[in-house]
Amino acid sequence: LASFMGCTQATAVFVGRSMRPNRVLIDRLEFDIVGIRDERGALDELPIEMESALPEFPARLTSVSGSIKVFAKNRKGEEVSLDRDEIILLEKHTEARCPVADMMVASGCVMNVEWVDGYGISDEN
């Protein structure tokens, strides 16, 4: 999950700076993320000895859920709220361009992460 959050952070900053007509300058992202995995992938076939078979089940995450709060600022460093369309554009392009998120989805991991304006105003716009 740490790799997912770090990659998402870096990718979101890049995506935000590339958005037009209004650039989104991200001050920070706050993650509240939970991952679920089938523990048999890590705990199956213990103890591990020379003759041990590899686990029958994959050790990957099966689902990731939670929220990402986006805190943006303007060029003067002042807090700014993002409208819902800006949040959606940032979310879609970040998820599509983040190699870790892409790899997780390709592995079959179900992603259920909600992106929201950190200042809590985007739902009213």
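A crossing of two helices is called right-handed if the near helix is turned clockwise from the far one by less than a right angle. In this predicted model, that is how helix 1 passes helix 3.

Two packed helices are described by the angle between their axes and the distance between the axes. For helix 1 (residues 2–18) and helix 3 (residues 84–97), the angle comes out at about 125 degrees, and the axes lie 9 Å apart. That angle makes helix 1 oblique to helix 3. On the helix 1 side, the residues that meet helix 3 are T8, T11, A12, V15 and G16; their partners in helix 3 are L90, H93, T94 and R97. Sorted by character, this contact has three nonpolar residues, five polar ones and one charged one.

Helix 1 also packs against helix 4 (residues 99–106), this time at about 130 degrees and with the axes 7 Å apart. An angle over 145 degrees would count as roughly antiparallel, so helix 1 and helix 4 are oblique to each other as well. Here S3, F4 and C7 of helix 1 touch P99, V100, A101 and M104 of helix 4. The mix in this contact is six nonpolar, one polar and no charged residues.

Turning to the strands, V116 sits in strand 4 (residues 110–117). V116 has a relative accessible area of 16%, and since the cut-off for buried is under 20%, V116 counts as buried. Although V116 and V70 are 46 residues apart in sequence, their C-alpha atoms are 6.1 Å apart in space. Setting aside neighbours within four places in sequence, V116 is in contact with I68, K69, V70, R84 and I87.

How values were computed: Residues are numbered from 1 along each chain as its sequence is written. This is a predicted model: local features need pLDDT of at least 70, side-chain atom pairs count only at pLDDT 80 or more; totals for chains, interfaces and linings use all residues. Side-chain values use heavy atoms; hydrogens and water are left out. Axes are lines fitted to C-alpha atoms, for helices over the stretch in contact, and angles run from 0 to 180 degrees between N-to-C directions. Helices (H or I, at least four residues) and strands (E, at least two) are DSSP runs, numbered from the N terminus. Angles under 35 degrees count as roughly parallel, over 145 as roughly antiparallel, 65 to 115 as roughly perpendicular and the rest as oblique. Contact means heavy atoms within 4.5 Å. Ala, Val, Leu, Ile, Met, Phe, Trp, Tyr, Cys and Pro count as nonpolar, Asp, Glu, Lys and Arg as charged, and the others, Gly among them, as polar. Buried means under 20% relative accessible area, exposed over 50%, partly exposed in between (1.4 Å probe, protein chains only).
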